[in-house]
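Reader: I have a model open and would like to learn how to read its pockets and ligands. Could you take me through it?

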Amino acid sequence: LRMERHLRHALEHDEFVLHYQPQVDLRTGRIVGMEALLRWRHPERGLIPPNEFIGLAEETGLIVPIGAWILRTACMQNMAWQAAGLDELRIGVNLSARQFSQKNLVDMVATVLQDTGLPPHRLDLELTESLVMTDVDHAIAVLNDLRSLGVQLSIDDFGTGYSSLSYLKRFPINVLKIDRSFVQEIAPKSNDAAISDAIISMAHRLGIKVIAEGVETEAQCEFLSRNMCDEIQGFLFSKPLPAKEIEELLREGQ
Ligand code: G
Ligand code: G
Ligand code: NA
Ligand code: MN
């Protein structure tokens with residue numbers, strides 16, 4: 001209960017911050033997107049990672065107002081980079097199960113796009129497999145409504161959940177993000193290399209782009225590049241960074 005009060009206090013007192021991790025196009029080598037990742041800047045404990053409080057935020061429902069803040073802040077930041085003269089980017093925002101079940105989710109997203117002026121195709125909403133597989137028919141309806149706004153939709157942590165490949169056809173999604181547990185085991189002739197290869201081929205045949213997460217080594221990058229993966233995200237290129245440091249990184253690359 002105390003922790004819940006602290007979370008509420010954190011939201012009211014602006015203690016949350018977003019860090020951003022670049023997503024790099026493997027063909028051009030350029031940064032084309034960013035994933036927004038939440039941190040809690042605690043006055044005494046310092047920077048707290050999301051796995052220490054997202055669960056509770058989800059249970060208490062506080063993830064709904066916090067999630068709305070995340071979406072608005074990420075969209076504003078994307079517009080701010082552009083206003084600072086940087087190339088146009090896509091911004092990725094994670095949605096939690098609790099947010100996904102809110103009746104007003106689509107309206108909330110539409111309002112944030114309108115208020116911030118961010119072109120919808122430059123917002124990428126990330127959903128986990130388990131989230132969309134809980135109630136497939138409902139998920140498809142919500143995903144279609146979100147797609148109607150013009151935003152991109154990604155399946156996050158792909159490969160860790162239960163979604164059978166046949167369901168992919170039914171979900172109106174644009175991107176699969178291969179979970180880092182597969183990427184990190186990639187070695188020539190390993191099973192995980194075969195799985196990643198198969199995921200990429202299948203996604204492409206369905207018209208879906210692939211982003212590999214958790215890319216840490218040149219060898220992983222080369223494998224993914226050879227197998228036509230579209231984008232990579234991971235420590236090899238950059239860890240998640242505060243907006244100011246991202247701006248410097250973007251300037252160096254232009
Ligand atoms: O940034 P880090 O790797 O520590 O994030 C750990 C996990 O926390 C992520 O895998 C993700 O599930 C969750 N997370 C991070 N940022 C957000 C966010 O903005 N919204 C939601 N719902 N979850 C997030
Ligand atoms: O939303 P998702 O569960 O995909 O969250 C991404 C998480 O993965 C973030 O917490 C981020 O800090 C972490 N991450 C990003 N790149 C790497 C990487 O190369 N290696 C590892 N181990 N973690 C990473
Ligand atoms: Na994510
Ligand atoms: Mn992810």
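Reader: Which residues are around ligand 1?

Author: Happy to help. Keep in mind that this is a predicted model. A residue counts as being around a molecule if one of its heavy atoms lies within 4 Å of it. For ligand 1, that gives Leu37, Leu38, Arg39, Pro50, Ile54, Ile70, Asn94 and Ser96.

Reader: What is the shell around ligand 1 like by class?

Author: Sorting a shell by class is a handy way to read it. Here the shell has five nonpolar residues, two polar and one charged. The largest share, three residues, is given by strand β2, which spans residues 31-42.

Reader: Which polar atoms of the protein lie by the nitrogen and oxygen atoms of ligand 1?

Author: For polar contacts, look for pairs of N or O atoms within 3.5 Å. A polar backbone atom of Leu38 is 3.1 Å from a nitrogen atom of ligand 1. The side chain of Arg39 has an N or O atom 2.9 Å from an oxygen atom of ligand 1. As for cover, ligand 1 taken alone exposes 500 Å², and the protein buries 73% of that.

Reader: Now for ligand 2. How many residues surround ligand 2, and which are the closest?

Author: There are 16 residues around ligand 2, and the closest are Gln21, Arg180, Glu213, Glu216 and Phe235. By class, this shell has seven charged, five polar and four nonpolar residues.

Reader: Which side chains have a polar atom by an oxygen atom of ligand 2?

Author: Arg180 has a polar side-chain atom 2.6 Å from an oxygen atom of ligand 2. For Glu213, a polar side-chain atom also lies 2.6 Å from an oxygen atom of ligand 2. Asp157 has a side-chain N or O atom 3.4 Å from an oxygen atom of the ligand. Taken alone, ligand 2 exposes 520 Å², of which the protein buries 78%.

Reader: Which elements give two or more residues to the shell around ligand 2?

Author: Those are β2 and β6, the latter spanning residues 152-158. The largest share, three residues, comes from β2.

Reader: How do I find the empty space in a model like this?

Author: The general idea is simple: rolling a probe the size of a water molecule over the atoms shows where empty space is left. In this model, the largest pocket has a volume of about 1100 Å³. It is lined by 40 residues, and the closest to its centre are Glu35, Leu37, Pro50, Asn94 and Asp156.

Reader: What makes up the lining of the largest pocket?

Author: By class, the lining has 15 nonpolar, 14 polar and 11 charged residues. Strand β2 gives the largest share, five residues.

Reader: Where do the two ligands sit?

Author: The space taken by ligand 1 is the largest pocket, and the space taken by ligand 2 is the largest pocket too.

Reader: What volume does the second largest pocket have, and which residues line it?

Author: Its volume is about 180 Å³. The lining is made of Gly29, Arg30, Ile31, Leu86, Asp87, Leu89, Phe237, Leu249, Leu250, Gly253 and Gln254. Helix α12, residues 243-253, gives the largest share, three residues. By class, the lining divides into six nonpolar, three polar and two charged residues.

Notes
Residues are numbered from 1 along each chain as its sequence is written. Chains are lettered from A and ligands numbered from 1 in the order in which they are written. This is a predicted model: local features need pLDDT of at least 70, side-chain atom pairs count only at pLDDT 80 or more; totals for chains, interfaces and linings use all residues. Side-chain values use heavy atoms; hydrogens and water are left out. On a 1 Å grid over the protein atoms alone, a cavity is a set of points where a 1.4 Å probe fits but cannot get out, and a pocket is an open set with protein on both sides within 12 Å along at least five of seven lines; lining residues have an atom within 4 Å of a point. Grid points are joined across faces, edges and corners, and a volume is the space filled by probe spheres set on the points. Helices (H or I, at least four residues) and strands (E, at least two) are DSSP runs, numbered from the N terminus. Ala, Val, Leu, Ile, Met, Phe, Trp, Tyr, Cys and Pro count as nonpolar, Asp, Glu, Lys and Arg as charged, and the others, Gly among them, as polar. A polar contact is a pair of N or O atoms within 3.5 Å; within protein, one must be able to donate a hydrogen and the other to accept it, and residues adjacent in sequence count only if both atoms are side-chain atoms. Accessible areas come from the Shrake-Rupley method with a 1.4 Å probe; for residues, only the protein chains shown count as cover. A molecule sits in a cavity or pocket if more than half of its atoms lie within 2 Å of its grid points.
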